[in-house]
Amino acid sequence: MHTRRAFLKNSSIAMFGLGLAPAWLSRAAYARESSTPSRKKILVAVFQRGAADGLNVVVPFGDPNYYALRPTIAIPRPDGTAAAALDLDGYFGLHPSLAPLMPVFQAGQLAIVEAVGSPDPTRSHFDAQDYMESGTPGVKATADGWLNRTLAPEQRPSPVRAVSIGSGLARALRGPNEAVSMGNIGDFQIRDAGSEQTFEAMYGNSVDTVLHGTAQETFEAVKLMQSVQKQKYVPAGGARYPGGQFGQAMLQVARLIKANVGVEVAFADVGGWDTHVNEVGAKPTEGQLANRLAEFGQALAAFYQDMGDQMADIVVVTMSEFGRTARENGDRGTDHGHANVMFAMGGDIHGGKVYGDWPGLASERLYEGRDLALTTDFRDVLGECVTKHLSGRTVAEVFPGYNQPRFRGLL
Amino acid sequence: MKFQVLAASIAVAALVAATSNGNAFRQKLPRDEQILHALDRLTYGPRPGDVAELERLGLKKWIDDQLHPERIPESTQLAERLAPLDSLRMDTAELMEHYPSPQRVRQIADGKAPLPDDPVARAAVRNMMARQEKRQMAAADNDQEALAGRLQDILEPEQIDTLRSGTPEEKRAVIAALSPEKLVELSDALPPKLRGPLIAAAPPEVRRTLLLMNAPPQAVAADLTAAKLYRAIYSNRQLAEILDDFWFNHFNVFMDKGIDRYEITDYEAHAIEPHVLGKFRDLLEATAKSPAMLFYLDNWQSRGPGQAGKKNTGLNENYGRELLELHTMGVDGGYTQRDVTEVARCFTGWSIRAPRQGGGFFYNDRWHDKGAKVVLGVTIPAGGGMDDGEKVLDIVSTSPATAHHISLELAQKFVADNPPASLVDRMTKIFLKSGGDLREVMKAMLDSAEFWSVGAFHAKVKTPFEMVASAIRATNADVEDAFTLSNQIAKLGEPIYRKLEPTGYSNVNAEWVNSSALLGRMNFALALAANKVPGVHLEPVAAGDAQTIARGLLFADATEQTRAAIEKTQRPEVIAGLVMGSPDFQRR
């Protein structure tokens, strides 16, 4: 018997149909389905939209200028307390809200690249996201995205080889190779079962050359998803995904990968990083940035835990369109900046290390006198993940015009 | 260029099909299919009765009228739909005042910006300032228990239950019945991720209130997208609406970039719409001087050498590049990177007066690069001013490459993805001969044998916008509230006014054929036919056999494959859904 309180609680969670769909499945059931487990490598790209403040995400506590530039919003030096940075290497520290990622770093499966980003000087979210997803900074007319270009043409590709989680197909995944977008695995279906068969017959026999092929792939994907939809999903290893949109997106990615349906690349995004005001609350573990980081860290850590041994075949790489000003502004926030930080997580990653050349935060070292300068191009990081982890594509193919990448040795 | 290669490679199947019956563009369409073809291409899809009306008027007269929209009396139904959308009738400065962004509210709260003069806007801002703190608490609070407690204080358990699991109508009734005070309390109590669904579930008047309370600029966006849908569905000037969409897309501007959320209303009404059947040069100049475009492609802050200020780095080539590549000559138009830079130099100083206060075009001579320039071989002498930019517009608008590029795009939109070169060449000649008279170019296309050919018939896949609008028109559905429809179109891949890239949406089929979008179309068709799309009212589909129902929606016989598939279906609304989700209905 539900108490009124419990009833209300459940009601409000599920209000307006936004509740979690508890459809989980034991790992054994998947194992049965996938009698010939493919050992394909998988790349998961995560975009932090809004320009995350890299300097408060991975804190350069060893750089004295950091504290001078940010008198009220700096994250304190590591001191073992819950409100201070978590020491990574004696110079850099993780934001305390990213504590769930510490074990991954210590296990050597999380690498961090500092002072990385797009060389384009734009401070427009719109342009910078566009450039980062097209993979061609400064070139606006590129129609396809870098993640789509990582796919090699195949005879019979899986209909879900490239998936973007969300309402539309991510810019990074647009292009000539088949890619699907899924808001939710449960929604990828015709809502009326009888009509599904009729539509399939209609399109299957259609002489419409354009619609016929895609429809066939669609119904293949729908069928594939039905087997996934039917089975309940229980994250392995006691992994607990946070309730927000990003946590659920990572859960969908995990569910697809474990269903062994041929996913090669996946894309998820997480917004809310544009912290002009009240970036940091009364304590470093409060405020907008801490809230975003808590979900971000929990989701990535849950994914890591859930995938378990399979992380050997997976690389998760994160990016954000640009960093934020080195100096705090008058509203306990930061404004649009330049270089940022990227994470790469996975079994192939030589983790437990902060990569990149640290330009420092001395005023003469700042980009245009205000932002962290850039010492690594984001294409070096993505290019290294693509060429060393996935197979078949060169950096020049994935990032046209970028012919001399400098790999950092992440893999 | 890459884009065209890409599109071409995706559309290989279509190409092969088109060229294998290579004479299809020379084969004349039978008379009754001509009527349907005209409605498919020059309207947002036939409504019941349209075929008969065209037969009565005669094709020639009807087309001539559509080419002179001012002669066609506008629909009163449309006027009724547009009447409540207040923001459509405001200029940019008024929009900024009446629909302040959260940042502006904060500035006002901090004393950095003045309170608006208008009493209504002033009251709204005061309310927002007072409520900001409360809302921040709700946003930061992830505790479901606490949320449940807050809701319990505002709503009855039955109301919560209905909002949780009721039908859209029931949810709407609950929200509509709330007093304004309760509505404010409820909205403030919810975390942002639940506020969105509340706004979507609300009836139109309440939604407007909620938007004004929570995110005023979104009311501007909602008005614009609703208006675009209403015009497509109800306007009698159908060709003008299609051209408005085509040219807006050609000169695309992204609504969510900074002040462009306030600039689009004016841009569409004054830079695009008046010129779609006028001179290309006028259209080009109107866009070049619009704050919307100047902001979108960053030209407003482009400065000549030695003019760089604290914030601006100097020359910005974005507009110069897109002007040549997208707006005029086309990527293969024969210009060089040097031309891009020179064009950008000519436009230095073309800026916006007080962009944050809704100011208009402003030429800032102090920012202008006074040096000599060479654009496409033409020397523009040193010492010029705003005229340098005008000269560029003269040069590019009369270039044969531009005439060809525009003709090709129009033919791709109205005839086929790969229109016959003969047609494009003819249109190009007319473009040049008429001094870029767009009505003349359209006439040349609509007079052509290629337009009225078997090869053109049903050669185009509808865009999501066209698919949704045509389904509403075919079913004669009554749209009381366009909000859900507009979200639906976004989900199908074509968010209205929200194409981020300056390329605009593609004019070719391949853009619209992907898995999730195709599934989305089928699901939308089923939902619409079953009268389950919120805000849209559909009379129950009349009982009848599958073929009759199909004919009523396609205005022609269904293809054999579609007929065979729906033959055994009994329920009329399911048949209608299947027909609108069929391959036949995705074509125009």
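**Exercise 1. A small sheet in chain A**

In E4(A), Leu94(A) is the bridge partner of Leu86(A). Starting from this pair in the predicted model, determine which strands form the sheet, in what order they lie, and which of them are edge strands.

*Solution.*
Step 1. The strands concerned are E3(A) and strand E4 (residues 93–94) of chain A; two bridges join them, and they run antiparallel.
Step 2. The sheet is open and has three strands in the order E2-E4-E3 (chain A), with antiparallel pairing.
Step 3. Strand E2 (58–59) and strand E3 (86–87) of chain A are the edge strands, since each pairs on one side only.

**Exercise 2. The partners of strand E5 in chain A**

Establish how many residues of strand E5 (residues 110–117) of chain A are buried, and describe the pairing of E5(A) with E10(A), with E11(A) and with E12(A).

*Solution.*
Step 1. Eight of the eight residues of E5(A) are buried, and the strand is mostly covered.
Step 2. With strand E10 (residues 340–346) of chain A, E5(A) pairs in the antiparallel sense over five bridges. Within E10(A), Asn340(A) stands opposite Val116(A).
Step 3. With strand E11 (residues 353–355) of chain A, E5(A) runs parallel, joined by three bridges. Here Val113(A) has Tyr355(A) as its bridge partner.
Step 4. With strand E12 (residues 376–377) of chain A, the pairing of E5(A) is parallel and extends over two bridges. Gly117(A) is matched by Asp377(A) as its bridge partner in E12(A).

**Exercise 3. Side-chain directions in strand E6 of chain A**

For strand E6 (residues 162–165) of chain A, state which residues point one way and which the other way. Then identify the bridge partners of Ala162(A) in E8(A) and of Val163(A) in E7(A).

*Solution.*
Step 1. In a regular strand, side chains alternate between the two faces of the sheet.
Step 2. In E6(A), Ala162(A) and Ser164(A) point one way, whereas Val163(A) and Ile165(A) point the other way; all are buried.
Step 3. Three bridges connect E6(A) with strand E8 (residues 265–270) of chain A in the parallel sense, and the bridge partner of Ala162(A) there is Val265(A).
Step 4. E6(A) also pairs in the parallel sense with strand E7 (residues 180–182) of chain A, over three bridges. In E7(A), Val180(A) is the bridge partner of Val163(A).

**Exercise 4. Two helix packings in chain B**

Classify the relative orientation of H25(B) and H26(B) and that of H13(B) and H15(B), and give the composition of each contact.

*Solution.*
Step 1. The axes of helix H25 (residues 421–433) and helix H26 (residues 438–446) of chain B come within 9 Å and cross at roughly 150°. Angles over 145 degrees count as roughly antiparallel, and H25(B) and H26(B) are therefore roughly antiparallel to each other. The crossing is right-handed.
Step 2. H25(B) contributes Leu423(B), Arg426(B), Met427(B), Ile430(B) and Phe431(B) to the contact, and H26(B) contributes Glu440(B), Val441(B), Ala444(B) and Met445(B). These residues comprise seven nonpolar, no polar and two charged.
Step 3. Helix H13 (residues 180–189) and helix H15 (residues 204–214) of chain B have axes 11 Å apart and pack at an angle of about 55°. H13(B) and H15(B) are therefore oblique to each other, and their crossing is right-handed.
Step 4. Leu183(B), Val184(B) and Ser187(B) of H13(B) meet Val206(B), Thr209(B), Leu210(B), Met213(B) and Asn214(B) of H15(B). This contact has five nonpolar, three polar and no charged residues.

**Exercise 5. Positive phi in chain B**

Locate Tyr497(B) and Phe555(B), and decide whether each is buried, partly exposed or exposed.

*Solution.*
Step 1. Tyr497(B), a residue other than glycine, has a positive phi near 65°. Its place is the loop between helix H28 (483–491) and H29 of chain B.
Step 2. A residue is buried if 20 or more other C-beta atoms lie within 10 Å of its own. Tyr497(B) counts as buried because it has 21 C-beta neighbours inside 10 Å.
Step 3. Phe555(B), also other than glycine, has a positive phi near 60° and lies in the loop between helix H30 (546–554) and helix H31 (560–566) of chain B. With 19 other C-beta atoms within 10 Å, Phe555(B) is partly exposed.

**Exercise 6. The contact between the chains**

How many residues does the contact take from chain B and from chain A?

*Solution.*
Step 1. Chain B provides 62 residues and chain A 52 residues.
Step 2. On the side of chain B that touches chain A, helix H29 (residues 515–529) of chain B gives the most, with seven residues.
Step 3. That side of chain B has 32 nonpolar, 19 polar and 11 charged residues.

Conventions
Residues numbered from 1 in each chain as written. Chains lettered and ligands numbered in written order. Predicted model: local features only at pLDDT ≥ 70, side-chain atom pairs only at ≥ 80, totals over all residues. Axes fitted to C-alpha atoms, helices over the stretch in contact; angles between N-to-C directions. Helix = DSSP H or I, 4+ residues; strand = E, 2+ residues; numbered from the N terminus. Parallel < 35°, antiparallel > 145°, perpendicular 65-115°, else oblique. Left-handed = near helix turned anticlockwise from the far one by under 90°. Contact = placed C-beta atoms within 7 Å. Nonpolar A, V, L, I, M, F, W, Y, C, P; charged D, E, K, R; others polar. Buried ≥ 20, exposed ≤ 12 C-beta atoms within 10 Å, placed from the backbone. Pairing = 2+ DSSP bridges.
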